[in-house]
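Please examine the chain shown below before reading on. The paragraphs after it move through selected local features and the contacts between them.

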Amino acid sequence: MTSDRALSGPAALREVLTAAGGDPPTGRELAEVLWLATHVRPEPEQVAGRDSEDAGPDAASAAGPGDVPPPPEPETAPPTAVPRGEAQSMGPRGIPGGAMPVPGSGAALSPNGPDGRVALYRLAPPTLSGRAVSPPAPDARSEVLAPAPPMIPHPLAVQRALRPLRRTVPSTRARELDETGTAHRIAALGARRGQWLPELRPAPERWLHLAVVLDCGPTMAMWQPLARDLYTAFGQTGAFRTVELVRLGADGSAPPRQWTPGRTIVLVLSDTMGPQWRPELFGAAGAAGRRWFPTLRRWTRELPVAVVQPLPERMWRQTPPEPVPGLFTAAGPGAPTTALRFTPYDGEARGIPVPVLEPTAEWLGHWAGLVASPAGAEFPGAAALLPAGPTAGRSVTLRDEDGEGEAGVMYLDLSARELVQRFRSVASPQAVRLAAHLAVGPPHLPVMRLVQAAVEERPQPQHLAEVVLSGMLTAVPGPAGSYDFRPGVRELLLGALPRTGLARTVHLLEQVGAVIESRAGSAPGEFRALVAGDGRAGYGRAAGEPFALVSRESVRLLRGPEPESGGRELVGRYRLTEVIGRGTDAVVWRARDRYRDRHQDRDRTVTVKVFDSPGATRDSLVERARAEHEATALLRHPGVVKVREHGGDGDVGYLVSEALEGRTLGELLVENGHRPLPVAEIIGIAAQVLDVLAHARRRGVRPEPPSLTNIMRLRDGLVKLRGFRGAPPDDAYGELHALGRVLYELATGVEPFGAVNALPAPLEAAITDLLSGTPETRRRGADALRSAVPGSTWQYGVLGPLRAMHGGRDRTPAPRHAQIILGRLLLARGEPVSDIELGLALGDAPSLRDSPLVGNVIDTLLDDGHAVEGPEGDYRLRLETELDLSLAEQLAASAARAARAGETGRAAGLYDAALGHWYGEPLDGVEGAWAERERERLRAWRRTLEAARAALPEPGTASRPRSGTAPGAAPPSGLRSTPARPDLTPPPDTTPRPGTTPPPEATPVSRPSTPPSWLRRLFGGGRTTEDDNTETWVGRENDDTE
């Protein structure tokens, strides 16, 4: 029955299918037909009227071997109505409503479906010669890391199978305290209080070292994930002392190893299809085998050796070693392979019986029992009979997957139909079903693993191996595991899929997406994919149809670890280049600032912290970036990372800060092999972190608890702390406890409260106090660490050339602007100085509001470690020791009071001490008008002091004039010195201060060569000769008694 009105689209297709016979198709059946039409190409020998659900496995192979034409170019026209029996001949690949894209048309899978799911595409490989690659969908641009299911779905079963190997033996090197023996020794021999000799015994350690030898031949690319899963499972069992990975090269070479017999076992992971396993071949074809087999034979004479074969047992007969089943008889725990007895179930064993195992719990359990059991125990298994010596060669040509010479999978040049028929005749039923489902999407190895996990209840890697090694696939350029179906194979596999299978396959995208979502955020990404409809800058080009549909939340989880190569650009300015750190809710990047002012002579490299947390909104992420920016900006300290700006881009927040060239403490510990750091380094790190924490508390900012990841040590030894919040400190001593944990790990190489490692004696009390439960004890530990740092404070001087000493080194800044700013801050003596006043000192006041010069100079001082504090625009320099000018003022004031009290001898000594702080021309070398004005004031004050001193008699004498000496003598190595100087007589009862008018010069008086004993006792006196006739008191000697 037909309608008189014109029909089009799905309605027309329904009418045609109904007219072909049977009941009208349902909407679901109609969708299945259209879906099938997107994956098949026309075949000339189709039998019209035959339902696909009646087609058996051999239906598609009824035609002759050469009847499959090359795949036609995809069409872009809309689907047309065809009879039900001709559904496979439909050329278009589109489903109404945009459910599937049309390759080549540019139409993408709509990311804005009713459930908000988006499509994932595979990255397009490079264009192949002679073949066109479909252009990408225009909005499939954002790159994510998609997880793939593990190749060992149940590692716990594998780990339990290895329990027979979990035994301990006494160590030959490590010792531990024998408490019982020590107590018996003390009781028998006695001991002084606090002095006794411990009794030591060998510490227990795991019996075996496991060496995993990974075959890196040309056919092993698909088994790399299996090797990783096995290596992880072996390491997590706790059965082995150590697990070592050794790579077997494609040329048969293996790095030399000296393993201990009886304490080492070897597992060789290989499909035995590479050239290393064919030593019988003549010439270059057998060179790899002739190099590898002697090494393998030597191992079997010394160690237990087995081969883990990822291929299913049914395919072992097609591999060169041709393992045979039989019964093994153990020769004792840890016996070498040559000591095993092997009895085949059929025939006679000749050669060295090397056990061959599937990577399953059952096979590994039998092998573990064979290694650990006493002599005589029997276990079933299979053995590759290794020749005891070199074998005679034979001439054989090995082909690669394209049949052109490289050793790999061998097969005859078959047509597509012959390949499919051959595969169905020898493969397992699970592999045959899997191949049909794999034909739906791109045959990229991680995608194939996802499809297998989606359609099989218990996926086994052996079934996937049967498909990959069947010859129906060919390798294509791209990452390891990149394949494509040979021409005509995909259509044959899809054509034989029954309708019951199609009902499941129609939801394959959702099924694969469900597998990805179950692992998103909890498992690391394994391969790169592109997301449709993201609207971000493109990273790559999509290839073909999507392979999965996932939710937007899953996309956020998948995007967490950005591609290591970078490439993303935030707000069109910060180009991310390299990941340098990761946290629970943020990733720290090294980035390039495109719009940095080039005239500032500053490096354009910055650090960008990208906030991206599952379930968090964009506003909350930007707010977190803002809070950290504002809190950190309050901390003007050399140990705090300087922040630049914050903002949001897309659905993430970001915070830009200075670029640091250094390593976190965690990286430092790893590079050191988890060995303890030197005590002096640990004390230096602790003192700097404590200084930052104290500064943050003073500013009302709560830092993140110190950890190995948020403390960075720069190349010059400066330590920087990052991560601050705006809330005031709520548990300052909890931060000390966290610091104690960090210092414990730096001092011992292990985490606290785990393995018991002795702390270094200089640090034991302090770190133990930090880890205590009471705040008072923690504070005591912090004070002990601060006091243990020699020369860790800054010492400044202005009564001579500008000096800044730290740790015994001269750290005076060289740039003229930095010297001016530092001198201005020093003369403020800890009081705040506005940026206007600093600009006046620089001579830059008229343009100060728009000039970054002051801020840049402050940054320079901070980078050098000077303790400049305060918010921007209001700065102060924290003085850790008294400035020489302040000390001189205090001594001068005391001298004036002593003079007024009639203690002329004491006053004269105090004036001498005050003048002793001069070590040259004040602020010598500092340029600018401001420095010259301050220099003149300090000169005038010195003249005042000299005049006041000259007016007093020498200590211990009546009234003798002082002999004049030349001013400005060079200082010793420190900041203070006592140059020889003239003495002028000042008016009596004067309290001189800097900037006062100097009194008139007086007649100089002579002075004795040695100050009185009370002054030496007060200041620590001593004598040093400066010339033949003058002695100046500068150091400490044995005191004289009056």
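The account below treats a surface patch, a sheet, a helix and then several salt bridges.

This is a predicted model, in which local features need pLDDT of at least 70 and side-chain atom pairs count only at pLDDT 80 or more, while totals for chains, interfaces and linings use all residues. Residues are numbered from 1 along each chain as its sequence is written, and side-chain values use heavy atoms, with hydrogens and water left out.

On the surface, a nonpolar patch is formed by Leu177, Ile186, Trp196 and Leu200, which together offer about 370 Å² of accessible area. Patches consist of residues with over 30% relative accessible area and no salt bridge, where like charges are joined within 9 Å and nonpolar side chains (Val, Leu, Ile, Met, Phe, Trp, Tyr) within 5 Å. Accessible areas come from the Shrake-Rupley method with a 1.4 Å probe, and for residues only the protein chains shown count as cover. Ile186 belongs to helix H4 (residues 179-189); helices (H or I, at least four residues) and strands (E, at least two) are DSSP runs numbered from the N terminus.

An open sheet of three strands follows the order S28-S29-S30 with antiparallel pairing. Strands S28 (794-797) and S30 (809-810) are its edges, each pairing on one side only; pairing requires at least two DSSP bridges between two strands. Four bridges join S28 to the antiparallel strand S29 (residues 803-806), and Gln795 stands opposite Met805 in S29.

In helix H20 (residues 761-770), the buried residues are Leu763, Ala766, Ile767, Asp769 and Leu770. Because these fall within an arc of 155 degrees seen down the axis of H20, they line one face of the helix; the arc is that of the directions from the helix axis to the C-beta atoms. The face turned away from the buried side of H20 carries the exposed residues Ala761 and Ala765. Buried means under 20% relative accessible area, exposed over 50%, and partly exposed in between (1.4 Å probe, protein chains only).

A salt bridge places a side-chain nitrogen of Lys or Arg within 4 Å of a carboxyl oxygen of Asp or Glu. Asp691 and Arg878 form one at 3.2 Å, N to O. Asp691 lies in helix H18 (residues 679-698) and Arg878 in the loop between strand S33 (874-877) and helix H25 (884-900), so the pair ties together parts 187 residues apart in sequence. Arg878 is buried, at 14% relative accessible area.

Another salt bridge joins the side chains of Glu921 and Arg939 at 2.1 Å, N to O. Both residues take part in a salt-bridge network with Glu932, Arg935, Glu936 and Arg943.
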